[in-house]
Every structure is written in C-alpha cells, then in structure tokens.
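Student: I would like to learn how to read a protein model one feature at a time. Could you take me through this one slowly, giving the general idea before each case?

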Amino acid sequence: MIRLRTDGLLRRLLLFILLFSLCFTVLASSVQLYFEYRREMRDIEARMALIRAGYLASLERSLWDLDEAQLDVQLRGLVDFSDVARVRLLSDDFTLLRGEAEPKGPLRIERFPLDYQPPSGPARHLGELEVSIDLGAVHRRLYATGLASLLWMGVFLCGLAVALSGLFYRLVTRHLQVMAEFARRIGAGHWQEPLRLDRRRSAHADEIDTVAHALDDMRRAILSDIERRELDRVALQDKRDELQAMVERRTASLARAKDEAEAANLAKSRFLATMSHELRTPLNGILGMAELLRGARLDALDRQRLQALYKAGEGLLAILNEVLCFARLEEGESQAEMLGFSLRQLCTEVLALLEPMALERGDTLHVEVDEQLAAHQHGAEQYLRQVLSNLLANAIKFTAHGQVELRVQVLASDQNGQRLRVSVSDNGIGIEPAMQAKIFDRFVQASEAVARRYGGTGLGLAICKHLVEKLGGRIGLNSVPGQGSCFWFELDIARGQPAVAHEPACSASASLRILVVEDVALNREVAGGLLVRDGHQVCFAEDAEQALQACAQQRFDLILLDVHLPGLSGVEVCRRIRAIPGPNRGSRILALTAGVQPAQVPDYLAAGMQGVLAKPLRLEHLRQALAEVAPAPVAALGSGMDWSLLQTHRSLLGEQKLQALLAVLRQSIEQHATALAEALQARDCAAVSHLAHRLAGSCDSLGFAGLAGVLRRLEDAAQGQDEQALLALSEPLAAELEQARTTLKHLIQS
C-alpha cells in the first residue's frame, strides 16, 4: 500500500505529474479542437462551393422563367444542407424565405448574385441568394468533441500518474524512508545496527545502493572515530585531572591575591583618612600656636625662629595636601564642576597668590594672554586653577633670581569654544632628557640631588597630568638642563557668559558669641586664642553632650563644630540642633574637619551646616568665615538673603551643583506652599508645623534666611496652638514666598 505523507517527496512527485498531465491535456485538446474547427470550416466552404456550382444556374433559370414552384423546391433543397439555418431569395419578382425566420446563435451569411444570360442580349441581374450558416451548431459539436477528448485523456494521464507514483514509491521513496530512519538512529547514538534495504540484490548497483553504502560507511567511520576518541579520552583523563587541580590551586591563589589587594586598598583608604585627621589635628595646633605667638612680644631671634616654625608647618601642610589630593584623584572622588569663569582673571589671581613666593626667591613674574582669548569661559575652573598653581609654584621653586612667564595662546577658535595652549616657562635648573619622559609619573623628581635640595613629594606634576587628561587635554614639556623648562598643556574650552554679580557679604563689626566644639584641647586653645584676639566671646565644648547643653542654655552667633567627635558625630549634633526648637535653631554652623572630602560636603550641608573650615585653621580663613556672620536678633531672622552662604556653596560645590540645589528648592517651595496655605486656612496646626519645619530647613541651608525665619516662627506658633499668631504670620509668609520665588528665578536663569 502506498503511504503518502502530506509533505513527502512522493506527494510532490504526484502533484507535479498531475499538473504536467493537466497542462498536456489542455494543450492537446486545444490543438485537436483547432484542427476540428479548421475541418468544419472547410466543410462549410465546400458546401458553399457546391451551391455556387450546382444550384445557382438552375435558380437563375427558374427565376428567369418565373417558376415559383420550382424555386420553392430548390430553396427547400438548400435548407436541407447541413448547418444551413435559413435561405432567402431576393428579386424584383419574388421574396422567398425558407428555414428559420430568426435563427439563434452566431451566423455566417453568404450572398450569391443571380445573373442570367438570355440567348440573345446582354446578361440580366435577376436578384440575390442569401444563405445563413448556423455556427452555433458547429461550436456545439466542437465542445462535445473537445470535452470527450479531454475526459478520456485526463483519465488516461491520471492513471499514468498513479502508476508512476506507485513505481517511484517502490523504487525510491520507501528506501529513502528507511535511510532517513537509519540516520535518526545514528543521531540517537545507535551505531551498531547496519543499514538494510528491502529490495532484491542486483548485479548492477544503482543510485539508491550507492547512497545506502555511503550511509553505512559513515556509520562505520563514526564507530571507528568513537572508539578512537574513547581511547584519547582515557589517555587525557589523567592530564585533565592534573590541569583541574592546577586551575583550582591557581584560582585559590588568585582569590587570596584579590582579597589581599582589596584589603590593601581598604587599608590605604583607612590610612589616608586617618592620616588626614591625625596629621591635620596636631598641625592645626602647631600653626595655630605659631599664629598666636606672632602677636607676642618677641626679640628678633625668637621671631625668626617662630617664622621658621611656621614655614615648616606650612610646608608639611602642602605635602599633606598633595598626597591627599592625588589619593582622591586615584579613587575617582574628585569630579570636575563646570561653571563660568574668566581665564584672564584666573591667571591674575594665581599670579597674585604666588607673588610673595616669587619675591622671596628673587624671581620676576610675567604674563602674556592672547588678545583673541574670549572674555569668559565655561569649564572646570578649579581644575585649571590647581594646574596653573602647581606649574607656577614648581617654576618659582626651581628658579632663583630668574624669570617665570605664564603665556596663554589661542590655537583655534569657533562660535562654541577655543583650543588653548597654556605654557609656564622659566630659566631655572632644567631637567635632564632621561628624566623628561617620566617626570609626570607619581613620586618622581628630576634627580636625587634635586629632591634633597628642594624637597617635595613628586606628586605635583602627576596631579597636573591627571587633571588635564580628565579635561580632555594633553600636557608636555620642553627643557634644557641648566637653561630652564617650559611646561605646557593644550585643551578645548567652551565659551562662557559673564558671571552674575552677587550681593557681597556683610562684615561683622560687633563681637560675636561663638561656640567651639572640639575634642582636642590644643585645637580648642588655638581656635580660642585666634577668636579672643579678634575680640569675640568664645565658649567651648569637648563633646556632643556638652555642645547640646550649651546650645539649649544660650544663643550663639556662630557654632564651630568638629565633625569627628567622640561618641555622637558633629553631623548628628547639627541635625539635633536644627530639629529641636531652641535659641540656636537658626544660628550659623560651620563644620571643622581635618579631611575635607568633596563627596562629604553635601552631607554636611544636608545636615544643616552652612560651610566648612578645614584644619589646620588659618587666620585669614577664619576671619573670612566670621565676616560672613551678621549678628542679628531672633526677631530679625525673617528678612533678607544670606548671600555669603550662597557664595560659600558656590565655591565648595561648584555652579552646576548649586544650580541643581536651587532647582530642587524651587520645586520644594512650589509643592509645600499650596499645602501650607490649605493647612493655615483649615487651622491644622499639626500639618502647619510639619510643613513649615521641612521647608524651613531647605530654605535655611541655601541662604534664604528671611523665608526660613518666618517658617520657623510659624512652626513655633503651630506647636503652641496659637491661632492668632498663625493668622498674623500669613501675610509675611506670602511676601517672603513671593520674594523667594523671584530670587530663585533670577538665580536659576542667570
């Protein structure tokens, strides 16, 4: 029995045979019908020729004799011709019609003129004979003939197709199915059973035998390969086990190395943090005491010794700052803050800062700035300041009684920015060619003699290279030993807009009440000595508990709060001061820390601190911070802006971060103002207290002292259930909110 698969080769063969048979049958039937049609047309032509030759003469004679009876007999004879549907005689004497009056179907009409030649005289035209042939009958015969032919030929070809399909199945398809099943067994891993086809053996192998033998040869080759592979597997098993053991030992060794590296990196970070605090703390005492002794009455020798002590402390601080700066760069803690600035002004400021050092060395400073340099730039101003400071300080350090030149060139310019080349040249000791290739590596100096004579860590140029590359630039040098060096860097910098002029901070003319929270006695003495000498009233606290007690008992204009206190940290102390109602809830709080990490400053500000003072305390920095404190009574806290605090944030965080904080504050004001107005209208004291407390902290941390003061008074009134006070504060609150919105709009748009 023939088994047909729906998608098998036999089914497709049968379909192809049937399709070919159908096409052949249609073509053959068409040819046959064509020839039948030609035969029918020839028969019709023959009948017309017979009428023309055998009937026209007698019709002409009968028509001449006007023998109507004879004409009727003759016309009836013509109608009896095959396929003649109608005969009509038209003359002047007769109009005779025989056959169907209106025959159906397609007709072929033949017209024969009737002309008679009398015995004497010219030929006479007697009329016309019209014969209509029924082509419909011809078409019906052709249809019947073609249909019969098509049916018989179709039956014959279908039988032939079935017979051929059966033959193909017997000769090919069933053997292909056996070979396919054999291939599936091979794929399943049954290689022992050979391929056997159900067919009689023949002396001559055909294509099926060839394929079957090839498949069986493949089976034997697979068996041979498996046996060989098994032998190889057994032979390699010992090697694999040995390699596995080696990998495990190596993996364990790498894991230990990784753990050791992580532990070393953690120890390095802890060491830097500890060194930052532990070294800066005694250094704070050294420099602070030296600063205090400067005001004492000393003879010339002691003053000279004191100056040497102070210079040594400053040198130690510079070394410590370089080490910590490079550590922060390596760990990725230092991020570029993009803000608007003037490169011309930056060069002037850096030169002014280093001028005393140059005068001490007997050097002269020169600056040359390209006239094509844009008036304002937008970029990492702090990075450029540090690079310029390091390069100029190095040039001054290694040049005695010489010349140091800072030069800014514009290499290329377009509407978006400029390509700059900044160079620092000197005529100092120069650098040997062998050292120039690695002078930017960390802890590398020009030579051991230079290191012994001039000191330093060898990190300054490494820091410069790191910062310039973070800005997308490149740095290099040209130097001749004994003639001087030229350090340069190139980078692209965007054009900027003029900086917005901010309201200057008010200087404190009266003495301030200051609380110093510091656990180290030496640092307390230094801070107290510096503050008392400037006429301020100072109280001290050694830990968090004493600080909180002092803040609860009296109000201070300024609180200097050490971040690293024993027990409760200074950050948590600040949070508690801001959260608990008391006389110092709105007082200015500055962080004191030996490790000023940029990533930690936002945490200090979020806790409610309004700035950071780095240890060791420098007199000029301390005086600048005190100048930003404007002592005012509690009742006056509801008016004005603390521009100095805003400027402090700008210098510590950068313009980009400050803009983000201002945007967050504006969003917070818009969210809380509506809810606060609804709570005031509903006399919901709990909601008023909660909303005012949250919004006051945000405003106070960004210098909006007027709005923060009104909100704190609103919070106090809500906590005391004083509805009259709440009603009285509604109008000042609306005014301060409107003023804050206007100020924020101006700051953010600028």
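Student: Let me begin at the surface: which residues make the nonpolar surface patch of about 470 Å²?

Tutor: Please keep in mind that this is a predicted model, and that every value we discuss is computed from it. The patch you ask about is made by F156, L160, L164, L167 and L171. One of these residues, L160, is found in helix α4, which covers residues 135-187.

Student: Is L160 buried, partly exposed or exposed, and how is that decided?

Tutor: The general idea is a cut-off on relative accessible area, where buried means under 20%, exposed means over 50%, and partly exposed lies in between. L160 has a relative accessible area of 38%, so it counts as partly exposed.

Student: What does the protein chain look like as a whole, in terms of helices, strands and buried residues?

Tutor: The secondary structure comes to 21 helices and 16 strands, and buried residues make up 41% of the 750 residues in the protein chain. The accessible surface comes to about 41100 Å², with 56% of that area belonging to carbon and sulfur atoms. If you look at contacts with a separation of 6 or more, residues 24 or more positions apart account for 70% of them.

Student: Which residues have the most contacts inside the largest nonpolar core?

Tutor: A core in this sense is a set of buried nonpolar residues joined through their side-chain atoms. The largest one here has 41 residues, and those with the most contacts inside it are L343, L388, L391, L392, L406 and F489. Several elements give two or more residues to this core, including α7 (343-361), α8 (381-397), β8 (403-413) and β11 (484-495), and the largest share, eight residues, comes from α8. Apart from this core lies another, of 33 residues, with L662, L676, A696 and C699 among them.

Student: If I follow L343 and leave out residues up to four places away in sequence, which residues does it touch?

Tutor: With those sequence neighbours set aside, L343 touches L373, Q377, V408 and L420.

Student: I would like to turn to charges next. How many salt bridges are there, and what is the idea behind them?

Tutor: Side chains of opposite charge can pair when their charged atoms come close. In this model the count comes to 35 salt bridges. As a case to study, D83 forms a salt bridge with R47, and the closest N and O atoms are 3.1 Å apart. D83 lies in the loop between α3 (68-79) and β1 (84-91), while R47 lies in helix α1 (residues 9-54), so the pair ties together parts that are 36 residues apart in sequence. Both D83 and R47 are buried, and the two belong to a network of salt bridges that also links E36, R39, E40, D43 and R141.

Student: What joins strands β10 and β11 in the case of R474 and E490?

Tutor: R474 and E490 form a salt bridge, with the closest N and O atoms 3.2 Å apart. Since R474 lies in strand β10 and E490 in strand β11, the pair ties together parts that are 16 residues apart in sequence. The two partners differ in how they are covered, for R474 is partly exposed, with a relative accessible area of 44%, whereas E490 is buried, with a relative accessible area of 8%.

Student: Which residues other than glycine have a positive phi that I should look at?

Tutor: Most residues other than glycine have a negative phi. Two cases to look at here are D83, with a positive phi of about 70°, and R683, with a positive phi of about 60°. You have already met D83 in the loop between α3 and β1, and its relative accessible area is 13%, so it is buried. R683 lies in the loop between α18 (655-681) and α19 (685-701), and it is partly exposed, with a relative accessible area of 39%.

Student: Finally, what does the UniProt annotation say about residues 226-260?

Tutor: An annotation is a label from a record, and it may be inferred rather than shown by experiment. The unreviewed UniProt entry gives "coiled-coil region" for residues 226-260. In the model, the chain over residues 226-260 is 100% helix and 0% strand, and its end C-alpha atoms are 47 Å apart.

Technical notes. Residues are numbered from 1 along each chain as its sequence is written. This is a predicted model: local features need pLDDT of at least 70, side-chain atom pairs count only at pLDDT 80 or more; totals for chains, interfaces and linings use all residues. Side-chain values use heavy atoms; hydrogens and water are left out. Patches are made of residues with over 30% relative accessible area and no salt bridge: like charges are joined within 9 Å, nonpolar side chains (Val, Leu, Ile, Met, Phe, Trp, Tyr) within 5 Å. Accessible areas come from the Shrake-Rupley method with a 1.4 Å probe; for residues, only the protein chains shown count as cover. A salt bridge is a side-chain nitrogen of Lys or Arg within 4 Å of a carboxyl oxygen of Asp or Glu. Helices (H or I, at least four residues) and strands (E, at least two) are DSSP runs, numbered from the N terminus. Buried means under 20% relative accessible area, exposed over 50%, partly exposed in between (1.4 Å probe, protein chains only). A nonpolar core is a set of buried Ala, Val, Leu, Ile, Met, Phe, Trp, Tyr and Cys residues joined through side-chain atoms within 4.5 Å. Contact means heavy atoms within 4.5 Å.
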